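Good morning, and thank you for making time for this presentation. I would ask you to keep the sequence and the structure in view while I speak.

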Amino acid sequence: MSRLPLASRTTDLVGSVIDSSTSLLARQRHDIVRFAMGSPAAEAVPSQLLGHLAATELAAPDAYDYAATEGDPRLREALLAELDGTTDRTTPERLLITAGGMQGLDLAFKLFVDPGDLVVVESPTYTNGSATAMSYQAQLLEVPVDEEGMQVDRLEELVTHAGRAPKAIYAIPTFQNPSGASMSIERRRRLIELTRRWGSLLIDDDPYGRLRFAGTEVPSLHELADGDPLVLSVRTFSKIIGPGLRVGWIDADPALQQLLINAKQAMDTCTNMPLQRLVAAFLEGGHLRDHLTTQQAAYRERKLTMQAALEDWFGALARWTDPEGGFFLWVTFQESVDTEALFEQALADGVAFIPGNAFSPSKFFPNALRLCFASSTPDRIREGVARLRTAYDHLVGAV
Ligand code: PMP
């Protein structure tokens, strides 16, 4: 590598422990309960129905053309109709179809972050989000999260201490990845106030908001900001239909539309057309709402099963969060446990998770781990948590 004329920004390309776990797990030959990736279970993806719709949609000759960069008109229209009446309601001039949520984050950071700019991230945060900010050579400021989401008072203190305003604030307000926490409405309002005071960009990344299975809905940052140009929202179909589709959207101030289009044209021209058509047909048929209702019930059961299994196997050893939706539990051990070492042991013992430090650029969480309850059936969840206890006993030498 030393003789290659690499760009200096490559030193800030950190990769993703989460994404790498996909290939790591694919190489394993023994049975593993998968609590690592944040994916819907294979049986939770409406693949039969999608296959049925694909037979027509993917047989259309124009399904293989380049799409408009802002998105295929059919998908745009179906999406606008779908969002009508939800907290993410929007208008055509604010909408850009992207290759998943990740491309939305990439475009947001690309447009707003210069090398050395301060970017606020939650702590813990979604690894790939902070990695994207780093890929534009941001300097990250981690702000702690508690059961009401980002601690906005701490945000104010930490920014004062940093002595300069953040260029961007990256927030995952609902069923946060990885903690499962949701930001209270008071904190959401206060966060928008601070954003306005500092003139920062607020990135509202909310892939899980439609997967609520308990509690009452809180308005999105998008809705509370009421069209403020400083708020850019990133959404995706990955968690509500299937992540392999790689279809999502950005909702941004209309004045940004052309810049977003220019940036996307310099990146991938357009989002892939056949899958935009497939998602459009799924939405047009009114299938998303039924699908969400089924998923919410399944995920509620899975979360409760995982919490009960944790109580059985780790009652006095750890504590965990209690999300009202989404995919994740965040587990923190009472005594010091190296969860990166536990990961190796757990893999050998047949269960996978993501170690806490993957969610903190400064590695503040050696003692924690993230479990995805969405991907496994209740029986497999019970089995996986029992295996995790076996791994724990192997690691601490109790067996
Ligand atoms: N943001 C968050 C908080 C996520 O959890 C994810 C997916 N794990 C993404 C963005 C990226 O979504 P996509 O897979 O659609 O790129």
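**Salt bridges, ligand shell and local geometry**

The structure holds 27 salt bridges. Please bear in mind throughout that this is a predicted model.

I begin with Glu57 and Arg74, which form a salt bridge whose closest N and O atoms are 3.0 Å apart. This pair links distant parts of the chain: Glu57 belongs to helix 2, residues 47–57, and Arg74 to helix 3, residues 73–83, with their positions 17 residues apart in the numbering. How do the two partners stand with respect to burial? Glu57 counts as buried because its relative accessibility is 13%, below the 20% cut-off for that class. Arg74 has a relative accessible area of 28% and is therefore partly exposed.

The second pair is Asp114 and Lys167, whose side chains meet in a salt bridge at 3.9 Å, N to O. Here, too, distant parts of the chain are linked, as the two residues are 53 residues apart. Asp114 sits in the loop between helix 4 and strand 3 (118–123), while Lys167 sits in the loop between helix 6 (152–162) and strand 6 (168–171). With a relative accessibility of 46%, Asp114 counts as partly exposed. Lys167, at 31%, also counts as partly exposed.

The third pair is Asp204 and Arg235, with the closest N and O atoms of their salt bridge 2.9 Å apart. Asp204 lies in strand 7, residues 201–205, and Arg235 in strand 8, residues 231–236; the two are 31 residues apart and link distant parts of the chain. Are these residues buried or exposed? Both Asp204 and Arg235 are buried. There is also a network: salt bridges that share partners join Asp31, Arg380, Glu383 and Arg387. In general terms, side chains of opposite charge can pair when their charged atoms come close.

I turn now to the ligand. How many residues surround the ligand? There are 13, and the closest are Asp205, Tyr208, Thr236, Ser238 and Lys239. By class, this shell has five nonpolar, five polar and three charged residues.

Let me describe three contacts to oxygen atoms of the ligand. In the side chain of Thr236, an N or O atom is 2.6 Å from a ligand oxygen. For Asn177, a polar side-chain atom lies 2.8 Å from an oxygen atom of the ligand. Met102 takes part through its backbone, with an N or O atom 2.8 Å from an oxygen atom of the ligand. Taken alone, the ligand exposes 400 Å², and the protein buries 94% of that area.

Which element gives the most to the shell around the ligand? That element is helix 4, residues 100–112, with three residues. Helix 4 has 13 residues and reaches 19 Å from its first C-alpha to its last, close to the 18 Å expected at 1.5 Å a residue. Its buried residues are Gly100, Gly101, Gln103, Gly104, Leu105, Asp106, Leu107, Ala108 and Phe109.

I close with some features of local geometry. A cis peptide bond joins Asn177 and Pro178, with omega at about 15 degrees. Pro178 is in the loop between strand 6 and helix 7 (185–198). We have met Asn177 already, as its side chain has a polar atom 2.8 Å from a ligand oxygen. A cis peptide bond is also found between Ser123 and Pro124, where omega is about 5 degrees. Pro124 lies in the loop between strand 3 and helix 5 (127–135).

Two residues other than glycine have a positive phi that I wish to mention. For Gln137, phi is near 65 degrees, and the residue is placed in the loop between helix 5 and strand 4 (139–146). Gln137 is partly exposed because its relative accessibility is 23%. For Arg246, phi is about 55 degrees, and its place is in the loop between strand 8 and strand 9 (248–251). Arg246 counts as partly exposed, at 35% relative accessibility.

My last residue is Cys372, which lies in strand 14, residues 368–372. Where does Cys372 stand in relation to Phe328? The two are 44 residues apart in sequence and 4.6 Å apart in space, C-alpha to C-alpha. At 0% relative accessibility, Cys372 counts as buried.

Methods. Residues are numbered from 1 along each chain as its sequence is written. This is a predicted model: local features need pLDDT of at least 70, side-chain atom pairs count only at pLDDT 80 or more; totals for chains, interfaces and linings use all residues. Side-chain values use heavy atoms; hydrogens and water are left out. A residue is near a molecule or strand if one of its heavy atoms lies within 4 Å of it. A polar contact is a pair of N or O atoms within 3.5 Å; within protein, one must be able to donate a hydrogen and the other to accept it, and residues adjacent in sequence count only if both atoms are side-chain atoms. Accessible areas come from the Shrake-Rupley method with a 1.4 Å probe; for residues, only the protein chains shown count as cover. Helices (H or I, at least four residues) and strands (E, at least two) are DSSP runs, numbered from the N terminus. Ala, Val, Leu, Ile, Met, Phe, Trp, Tyr, Cys and Pro count as nonpolar, Asp, Glu, Lys and Arg as charged, and the others, Gly among them, as polar. A salt bridge is a side-chain nitrogen of Lys or Arg within 4 Å of a carboxyl oxygen of Asp or Glu. Buried means under 20% relative accessible area, exposed over 50%, partly exposed in between (1.4 Å probe, protein chains only). The expected span of a helix is 1.5 Å times one less than its number of residues.
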